[in-house]
Amino acid sequence: MEFFVDENDRVDGVDKVTGKAKYFAEYQLPGLTYGVLVTSTITKGKITTIDTKLAKSAPGVLDVLSHLNKPVAAGYEQAGGSPMKIFYTDQVFFNGQPIALVVADTFERATYAATLVKVNYEKEAFNTDFENSIKDAKAKKLQGQPPYIRGVADAYKTAEVKIEQIYTMPVETHNPMELHGIIADWCANDQVTVYAKTQGVKAAQAAIANVFKIPQENIQVNSEFVGGGFGMALKTWPIEIATVMASKHLKKPVKLVVTRDQMFTMVGNRPAAYQKVGLGATKDGKITGITHTAFGQTATYENFTEGVVNMTKFMYDSENVNTNYYVVPLDMSVPIWMRGPGEATGAFALESAIDEMAHALDMDPLDFRMKNDPEIDPAKKIPFSSKNIKEAYKLGSAKIGWSNRKNKPGSIVDGAWQIGYGVSIGVFNASRGRASVKGILKADGTLVLQSATSDIGPGTGTGMGLIASRLLNIPTNKITFELGDSSLPPAPSQGGSATLSTVGTAVNDVCVSLKSTIAELAANSNMDATSNFVDVLKKNNLPMIEVTKQSQSNQQGKDYSMYSFSIHFVQVKVHQLTGVVKVSKIVSVGDSGKIVSPKTARSQMIGGAVGGIGMALTEEALLDNRYGRYVNNNFADYHVPVHADVPEIDVIFIDKPDFIVNPMGAKGMGEIALIGFAGAVANAVFNATGKRIRSLPITPDKVLEG
Amino acid sequence: MINFQYLRTSVVKTALNLLAKDPKATFIAGGTNLVDLMKRGVTAPEKLIDINHLPLKQIELKNNVLRIGALTSNSALAENAIVKEKFPLLMLALQSGASAQLRNVATVGGNMMQRTRCGYFYDTTMPCNKRQPGSGCGAIGGYNRMHAIFGTSEACIAVHPSDMCVGLVALEAQVVIASTKGERKINFIDFHRLAGTTPEKDNNLQKGELIVRLEIPLNNLNKNFHYLKVRDRSSYAFALVSVAAALELKDGVISNVRLAMGGVAHKPWRLTASENFLKGKQATIANFEAAAKLAMNGAKGFGENDFKLKLAPNTIIEALTVAKAKA
């Protein structure tokens, strides 16, 4: 079969849709064995006994690992350290905690044997109630981030017009289609090969080396394809360490793939949030004070914080801003960054409050935002490296038909449906880290680029190929970008929208270097400076030339404030009798510098909007505080949006290069695709109905009773 | 999940004999719910009798009665030409259920036999009288947003999750059931039960019995009908409230009406009082509102699902309004 592939198509698209792309769980190693986890059924306490007799005698079972027979992991022998040391404790920190691993010759046999493991506990009182735990937060002296104050604290309280509201969000789970897991193969001489689902092969390598105290070079991590990560695969979880332990112990390759319900308790989540925003403004619409206090949820055994209040510090031009951020330790599993991480949480509160203020002032929320849009970063008092918000507002509002919007809520009715428009802004750090890339330019006309980065879906290889193609004038189908292999030149994990900027800069440097080498070779062999590299290499009898370059993190942070921005416009329809909300139009505008790979960039924005619909309308992990257990831990009851929830999505890019950030002029955009989206929906629901829903997700019951 | 024996037959009589012999045997058809229940340890049959090859897939209209074999897939039934033309309410109800992939595999009989989606029922570490009689009800005092407002008991407030069954109740279907002793026929509305003190029993199918077909009498309810399902996402989500509504109108007067609700009780909930009220009256919003109000007699919320006391009558009004506007 032949497929049409143009230069903007995803380089691995055909492999992905035809099944050729191989994900971690698909690797078949000789003698592969299968691990299945036994999880705690209490929320807090101590394991008193684990009876594995029946399980061990079940057909095909090789062993049952737990804290009772823990295989030695040298790094775990040291006292202290916060990451949970799996099988090194009899403590139960949360319900659904992995406490034993059954390994058998087939998955089915391991699954069955896991049901035969009998565990007894000494239960202790526990607390999983997030909102109740906030009530006496001061007395509890919660940890968090240092408070931020600019000007006068709580200045909003004395403003001419003020609003003060509370916004809440439930736990969300990443739940990519691909279940989490790992294949570990511990061979002779402490040589370890793993097939992982990870956003960082080097980070996974380091994590395993650290626990087992073996050299990093001994560990080969492969993760060529990742079936979605959204942040959950930024960490090497205890269950992955447990699998490596099992392989070391059994001297056999062991595969672990968790079940869907286990995806809710052992690989992180987006923490619940409780946020209070106070906003003050003059009657003519100038913001005079913002106070943003946020509470996030963390675990008792590990701490997790994120940037919930970040954008409040610089997004709007206010003399007075103060923020506070606290985390509430609960007897639940530890959260981890989820797409748009804390900023998406914070944006929902801030951007709802901004909309509330615009309404209080009887101003168009777009005009109100424009009026308070700062020229320079008001927190750092330095210019933005680039910021085209006003243009983004203009383009997006024209596309969605903002002029049809009425400032008075509930003004547009179409049969049983009320129609409203909402807008919200998203912002995320346009950071650049350090990465190495090796380039091999061959006399057969091809270029191979190598870096130990990952592609969890954004199209890393596609973007890198396009950067190289433009610099070296080589068609993309002659370029291969190799990634997901820890033996390649090092690169950071894929997260925080930094890969294109970080790895792309190294690709840029490699290509510039290769180009100058070719030019030198051409000159030396009396060839024209514009000669094709194939001819130059052949003339010089070189089968290939290669170069490795390391890009550095951006040094201009002192002089410029570097961020990517997004503006989301949505139109919603709200059914007057049933409270059902349908997002009927979406226009997302990305202001993230030069767009390197238009097609995959657009896909990123579409994916972010779909995730945003989930955050706004459907996603909520429900945990029963009486038992500490989730009650909707499956795909039927934890609602990620389906196709029918998603209208056509218009994506607009400002597409102006920002060469301060990197030589491509491109800024990251994976996070901004989602950040702010939920606020736009909530604001549109208010515009449609006059009902302000401050608690996500906006389900029919909340609209009906709002 | 325990090891189990798997048997298959293409003969109804053999299937019935196999089931009658073994108290720990159960039939499997599409398996879209049963396999989940087995994986979660909610149920642990020792023997599965695969009935997919039994000759029970016919759909035929004979003597003004539509006969539907119990092994007809949900999608085959929804796409059937007779169903589309004569029983479009059933088509809508079927299309509102599950996802296209599930409907391709799920059978009519299996749809009737599916168990509640209450989260406490699915988690064997939590209390549930339906799963383990006497263990308590997790949903009372817990997450009960999806739960029943009609016909509840202290033992159980779960709802039956089917959409198809709501449509069938409205269409006054009958169920033909076979056992080694022969066949019997019951009204569809009497097939499912209220929880009462025996929530472990979802329906009145006796041990050893097999649903062989459904029968629906021909009617004139194929012009002004609607199935409205209110849910948390547009597809593949169970109903918060659903309403099957069908009207027969003569000069704006309602000569015949059927109303049934889903997502509100342990069984599909027929709104007889509302139907009686509407018969002979003008099809006006005022009358729809009065009928919806009547439907709510005896409704009771459990906290999180209190919103259904408002959503249910609103959904009735909207379903009737859309049904009236058709044609």
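**Figure 1. Long-range contacts and overall build of chain B.** Take the contacts in chain B between residues at least 6 apart in sequence: 63% of them join residues at least 24 apart. This is a predicted model, and in it chain B has 12 helices and 12 strands. The radius of gyration is 19 Å, which agrees with the value near 20 Å that a compact globule of 327 residues would have. Laid along its principal axes, the C-alpha trace of chain B spans about 60 × 50 × 35 Å.

**Figure 2. Inside and outside of chain B.** Of the 327 residues in chain B, 57% are buried. What's left open to the outside adds up to an accessible surface of about 12900 Å², and carbon and sulfur atoms own 50% of that. As for charge, chain B carries 41 positive and 25 negative charges, and the mean positions of the two sets sit 2 Å apart.

**Figure 3. The two domains of chain B.** Residues 5-52 make up domain 1 of chain B, and residues 224-325 make up domain 2. Measuring between C-alpha centres, you'd go 36 Å to get from domain 1 of chain B to domain 2 of chain B.

**Figure 4. Helix H5 of chain B, mostly under cover.** H5 runs over residues 88-96 of chain B, and seven of its nine residues are buried. Early in the helix these are Pro88(B), Leu89(B), Leu90(B) and Met91(B), and further along come Ala93(B), Leu94(B) and Ser96(B). Ala98(B) follows H5(B), and its phi is positive, near 50°.

**Figure 5. How chain A is split up.** Chain A has three domains. Two of them are assembled from separate stretches: domain 1 from 13-124 + 176-259, and domain 2 from 273-430 + 558-705. Domain 3 covers 435-553. Between the C-alpha centres of domain 1 of chain A and domain 3 of chain A there are 36 Å. Their contact involves 19 residues of domain 1 of chain A and 16 residues of domain 3 of chain A.

**Figure 6. Ser66(A), tucked into a strand.** Zoom in on strand S3 of chain A, residues 61-66, and you'll find Ser66(A). With a relative accessibility of 2%, Ser66(A) is buried, because it falls under the 20% cut-off. Beyond residues up to four places away in sequence, Ser66(A) touches Ile50(A), Phe87(A), Ile99(A) and Ala100(A).

**Figure 7. Ser592(A), buried in a loop.** Here the serine is in a loop, the one between strand S25 (581-591) and helix H15 (598-618) of chain A. The relative accessible area of Ser592(A) is 1%, so this residue counts as buried. Not counting neighbours within four places in sequence, Ser592(A) is in contact with Ser564(A) and Phe565(A), and also with Ala666(A), Lys667(A), Gly668(A), Met669(A) and Ile672(A).

**Figure 8. Thr300(A), partly out in the open.** Look for Thr300(A) in the loop between strand S14 (287-299) and strand S15 (321-330) of chain A. The relative accessible area of Thr300(A) is 42%, which makes the residue partly exposed. Once neighbours within four places in sequence are set aside, the contacts of Thr300(A) are Phe93(A), Pro329(A), Leu330(A) and Asp331(A). For a sense of distance, Pro238(A) is 62 residues away from Thr300(A) in sequence and 16 Å away in space, C-alpha to C-alpha.

**Figure 9. Asp190(A) and its positive phi.** Asp190(A) isn't a glycine, yet its phi is positive, near 55°. The residue belongs to the loop between strand S9 (181-187) and strand S10 (191-196) of chain A. At a relative accessible area of 34%, Asp190(A) is partly exposed.

**Figure 10. Asp362(A), an aspartate with positive phi between helices.** The phi of Asp362(A) is near 55°, again a positive value in a residue other than glycine. This time the loop is the one between helix H9 (341-360) and helix H10 (365-371) of chain A. Asp362(A) is exposed, with 61% relative accessibility.

**Figure 11. A cis peptide bond at Pro697(A).** The bond joining Leu696(A) and Pro697(A) is cis, with omega about -5°. Pro697(A) sits in the loop between helix H16 (677-689) and helix H17 (700-705) of chain A.

Conventions: Residues numbered from 1 in each chain as written. Chains lettered and ligands numbered in written order. Predicted model: local features only at pLDDT ≥ 70, side-chain atom pairs only at ≥ 80, totals over all residues. Heavy atoms only, no water. Helix = DSSP H or I, 4+ residues; strand = E, 2+ residues; numbered from the N terminus. Rg over C-alpha atoms; globule rule 2.2 N^0.38 Å. Buried < 20%, exposed > 50% of the residue type's maximum accessible area, 1.4 Å probe, protein only. Contact = heavy atoms within 4.5 Å. Areas by Shrake-Rupley, 256 points an atom, 1.4 Å probe, with all protein chains shown as cover. Lys, Arg positive; Asp, Glu negative; His and termini not counted. Charge placed at Lys NZ, Arg CZ, Asp CG, Glu CD. Domains from an automatic or database assignment.
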